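Here are some questions about how labels are earned. Each answer sets a value against a rule.

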Amino acid sequence: MSKSKIYHTLAWGCLVLTLQGCGIPAMTAKKADTALPGHFKNTPGVSAQKNTATANWADFFEDPDLIALIKSAIANNKEVNIMLQRISVAENEIQRRKGAYLPFVSIGAGAGADKVGQFTRSGAVEENLEIRPGESFPTLLGDYQFGLFSTWEIDVWKKLRNEKQVAVLDYMASIEGRHFLVTNLVAEVAHSYYELLALDNQLENLEQYIAILQNGLEMVKQLQIYARSNALAVKRYAAEVTKNESKKYEIKQQISVIENRINFLLGRTSGPIKRRSTGFMDIKPKMLQAGIPSQLLQNRPDIKQAELELAAADLSIKVARANFYPTFGIKAGIGFQAFALKYLINTPESLAATIAGEMVAPLVNKSAIIAEYKNANAKQIQAAYEYEQSIIKAYMEVANQISNIDNLDKNYRFKSNQVDSLVQSIDVANQLFLSARADYLEVLLTQRDALDAKKELIETKQKQMGAMVDLYKALGGGWQNV
């Protein structure tokens with residue numbers, strides 16, 4: 001069985017265990033795929049026939065202002081640019097390790113001179129010999145040389161080639177790491193954008209509420225003139241107006257913070273964010289297609305990154321094991337060598353060559369090699385656990401977001417009905433107050449309840465849009481064609 005099949009079998013095992021943990025009977029990978037669509041098909045806003053993750057973010061989001069922000073973030077975000085440099089480093093590492101199992105050829109030159117002691121073996125020999133016929137050894141004997149030198153480690157155990165393959169897998173994992181970063185970046189920009197739209201609507205809702213309070217304040221002032229109200233009602237209305245006027249600046253501060261957060265994600269300094277806040281409450285969350293669990297292995301970049309890191313860890317064990325075996329090398333050189341420059345290029349007298357083979361094997365004190373081998377095994381086990389964890393995490397994220405979308409859909413419908421009833425009750429309370437059948441406190445509380453309900457409705461709409469984005473991210477969408 002190939003490594004890829006082994007890793008995917010491990011992945012399916014994780015999914016089956018996850019399904020058992022959720023109360024679904026144990027099943028094979030194929031059965032799990034066919035069973036889960038029925039598990040998801042009753043969730044509003046979610047389809048299990050296809051997978052939305054394959055949709056490009058520019059097609060998934062429909063707001064042109066949001067699309068422009070995401071495009072700018074992908075191009076200019078500092079973390080993405082830092083990751084691009086890490087990818088470049090990983091690519092260069094492939095080239096470095098590829099060259100390690102090829103012969104190294106270098107050119108060199110050298111010059112020197114030495115004098116031996118007269119009362120030594122070498123000195124006695126030179127004293128009685130001539131360096132050339134009729135020419136005795138000079139006091140300083142020169143040594144001039146230049147030529148080509150080569151070394152080559154023969155990769156008998158595939159250690160160097162496995163190291164190169166590890167670099168390739170690390171490079172591919174770094175690319176998946178960038179994809180995962182882009183997925184998170186797209187989701188974060190979208191989250192912040194919808195939060196900004198929600199705050200704009202909160203501000204508009206608060207201003208409408210303040211306008212209603214100001215009308216009520218004028219009404220109780222007029223009624224006080226005709227002794228149908230009192231100063232307490234006037235003061236309470238005035239205090240309520242002042243309190244909500246101060247809340248406007250709290251929301252404006254929140255808007256400023258979100259705008260700065262988006263600008264940070266876009267890799268630029270602070271500035272206004274172009275957006276269209278009108279119609280936010282009419283936006284319908286996009287119909288999502290959850291697909292089947294096996295598609296998470298294909299679409300989630302963090303799972304693919306973990307799989308590549310697991311494969312690299314497996315090869316690293318082979319590299320560490322090869323350190324126990326002998327290494328074989330060949331050294332060779334050819335060039336010219338002479339004791340004087342004028343003889344340096346004489347051929348064939350000054351021509352020199354050398355060739356040698358060597359074998360080196362660890363014998364005593366293998367502690368470092370043993371420790372490296374143990375570390376490689378431990379890292380492989382760690383990578384396997386991380387791979388399992390990434391699969392289980394992916395499935396849980398999808399399951400949580402599908403449940404979240406379902407509950408938010410029901411929540412929004414009930415809150416929408418609540419807001420409609422409270423808005424109608426404001427008119428009823430005002431009529432009762434004018435006819436002296438209700439006091440001002442009932443009117444104030446009714447208006448306040450309507451404000452709070454509308455605020456919660458806006459927050460629920462924001463959560464709905466956020467859940468849509470989170471499910472898109474959980475399925476592994478947002479990085480395609482980037």
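A nonpolar core is a set of buried nonpolar residues of the kinds Ala, Val, Leu, Ile, Met, Phe, Trp, Tyr and Cys, joined through side-chain atoms within 4.5 Å. The model shown is predicted.

Q: Which residues touch the most other members of the largest nonpolar core?
A: They are F61, L66, I70, V189, Y194 and F280, in a core of 82 residues. Helix α7 (residues 159-225) gives the most to this core, with 20 residues.

Q: What makes a residue a contact of F280?
A: Heavy atoms must lie within 4.5 Å. Residues up to four places away in sequence are not counted here. The list for F280 is then Y194, L197, A198, N201, I458, K461, Q462 and M465.

Q: Which residues are in the other core?
A: That core lies apart and has seven residues, among them V166, L169, A173 and L308.

Q: How do you know that the length of α8 agrees with the expected span?
A: Take 1.5 Å a residue. Helix α8 (residues 231-265) has 35 residues, so the span should be 51 Å. The rule multiplies by one less than the number of residues. The end C-alpha atoms are 52 Å apart, which agrees. After α8 comes G267, with a positive phi near 70 degrees.

Q: Why is K158 called partly exposed?
A: Buried means under 20%, exposed means over 50%, and partly exposed is in between. K158 has a relative accessible area of 48%, so K158 is partly exposed. K158 sits in the loop between β5 and α7.

Q: Why does N365 count as exposed?
A: The cut-off is over 50%. N365 has 66% relative accessibility, so N365 counts as exposed. Its place is the loop between β8 and α11 (367-434).

Q: What is the phi of K158, and what is the phi of N365?
A: Most residues other than glycine have a negative phi. K158 is not a glycine, but its phi is positive, about 60 degrees. N365 is not a glycine either, and its phi is also positive, about 60 degrees.

Q: What kind of peptide bond joins T347 and P348, cis or trans?
A: Most peptide bonds are trans. The bond between T347 and P348 is cis, with omega about 5 degrees. P348 is in the loop between β7 and β8 (351-360).

Q: What makes a space a cavity?
A: A 1.4 Å probe fits there but cannot get out. Two cavities of 30 Å³ or more are found in the whole structure. The second largest has a volume of about 50 Å³. By class, its lining has six nonpolar, one polar and three charged residues.

Conventions:
Residues numbered from 1 in each chain as written. Predicted model: local features only at pLDDT ≥ 70, side-chain atom pairs only at ≥ 80, totals over all residues. Heavy atoms only, no water. 1 Å grid on protein atoms, 1.4 Å probe; cavity = no way out; pocket = protein on both sides within 12 Å on 5 of 7 lines; lining within 4 Å. Points joined across faces, edges and corners; volume = space filled by probe spheres on them. Nonpolar A, V, L, I, M, F, W, Y, C, P; charged D, E, K, R; others polar. Buried < 20%, exposed > 50% of the residue type's maximum accessible area, 1.4 Å probe, protein only. Helix = DSSP H or I, 4+ residues; strand = E, 2+ residues; numbered from the N terminus.
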